[in-house]
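Hi there,

Here is the structure I promised to pass on. Have a look at it first, and my notes follow underneath.

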Amino acid sequence: MDCSKVGSLLLSLRQERGWTQKQLADVLNLSDRTISKWERGLGCPDVSLLPELSAVLAVDIEKILLGDLQPNDEEVGNMKKLKFYVCPQCGSAMFAMGEAEISCCGRPLQPLAAQEVSAEHSLNVAEVEEDYYLTWQHEMSKQHYLAFVAYVTYDRVLFIKLYPEQAPEVRFPRQQHGEIYFYCSQHGLMKQRIARPDKPRKVRLPEV
Ligand SMILES: [Zn+2]
Ligand SMILES: [Zn+2]
């Protein structure tokens, strides 16, 4: 551990939160002199304190050890770099606007690569009122189902979680351009462009 790097990281994280050295010290049950010593690089926190420090300051332990947060380039955060993640253990789905270090159930998750949609997975897209009305033939059994559908435009992600045995349909408020991403529990992430029909097709929904 490079104590002066670690110290300046701890200082900036504390200041980000607007805490005094005393406030941080109290949370950790330490003296403010200890905090002051770290921040001046005159000593490193004991390894046994790292889990608590990481929880209190909301940063990874390894980041504290490196003394460096290495933020992403700001330009990275845009929808073209949108990445989806699904935890293989619990099935939780997440997305990020760029490279992110995401973990779930104690393991790091890799971003999913979207495949072009295959015939058996293709979604049927109709325009209904102000919405896109999506339906599909794909089964929705516990073993094999679509787990989420996301409609991604240049400035928004509309994300719908799906459940086994539910009706194979979702509606999204219609935007100008966009892509549909969806995740099959067996075949992974797929991408389907929404092509606006030349003549808007009016579809009447069945009365409920
Ligand atoms: Zn998980
Ligand atoms: Zn499938």
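Let me begin with one residue and work outwards. Lys5 sits in helix α1, which covers residues 3-16. Please keep in mind that this is a predicted model. Is Lys5 buried, exposed or something in between? Lys5 comes out as partly exposed, because 16 other C-beta atoms lie within 10 Å, and a residue needs 20 or more to count as buried, or 12 or fewer to count as exposed. Leaving out residues up to four places away in sequence, Lys5 touches Gly67 and Asp68. There is also a distance you may want to have: the C-alpha atoms of Lys5 and Glu39 are 8.9 Å apart, with these positions 34 residues apart along the chain.

Now for the chain as a whole. The protein chain has five helices and twelve strands. It runs to 208 residues, of which 17% count as buried. Taking the contacts with a separation of 6 or more, 55% are between residues 24 or more positions apart.

Next, the cores. The largest nonpolar core is made of 21 residues, and those with the most contacts inside it are Val149, Ala150, Ile180, Tyr181, Phe182 and Tyr183. Which strands each supply at least two residues of this core? They are β1 (83-86), β7 (131-135), β8 (146-152), β10 (169-173), β11 (179-184) and β12 (188-193). The largest share, six residues, comes from β8. For a closer view, take Tyr181: setting aside neighbours within four places in sequence, Tyr181 is in contact with Phe84, Ala114, Ala150, Val152, Leu189 and Lys191. Apart from this core lies another one, of nine residues, and Leu9, Ile35, Trp38 and Cys44 are among them.

Finally, a helix pair. Helix α2 (residues 21-28) packs with helix α3 (residues 32-39) at an angle of about 115°, and their axes are 8 Å apart. The two helices are therefore roughly perpendicular to each other, since that class takes in angles from 65 to 115 degrees. The crossing of α2 and α3 is right-handed. On the α2 side the contact is made by Gln21, Lys22, Leu24 and Ala25, and on the α3 side by Asp32, Thr34, Ile35 and Ser36. By type, the residues of this contact divide into three nonpolar, three polar and two charged. Ile35 of α3 turns up in this contact and is also listed in the nine-residue core.

Happy to talk it through whenever suits you.

Best wishes

Technical notes: Residues numbered from 1 in each chain as written. Chains lettered and ligands numbered in written order. Predicted model: local features only at pLDDT ≥ 70, side-chain atom pairs only at ≥ 80, totals over all residues. Helix = DSSP H or I, 4+ residues; strand = E, 2+ residues; numbered from the N terminus. Contact = placed C-beta atoms within 7 Å. Core = buried A, V, L, I, M, F, W, Y, C linked by C-beta atoms within 7 Å. Axes fitted to C-alpha atoms, helices over the stretch in contact; angles between N-to-C directions. Parallel < 35°, antiparallel > 145°, perpendicular 65-115°, else oblique. Left-handed = near helix turned anticlockwise from the far one by under 90°. Nonpolar A, V, L, I, M, F, W, Y, C, P; charged D, E, K, R; others polar.
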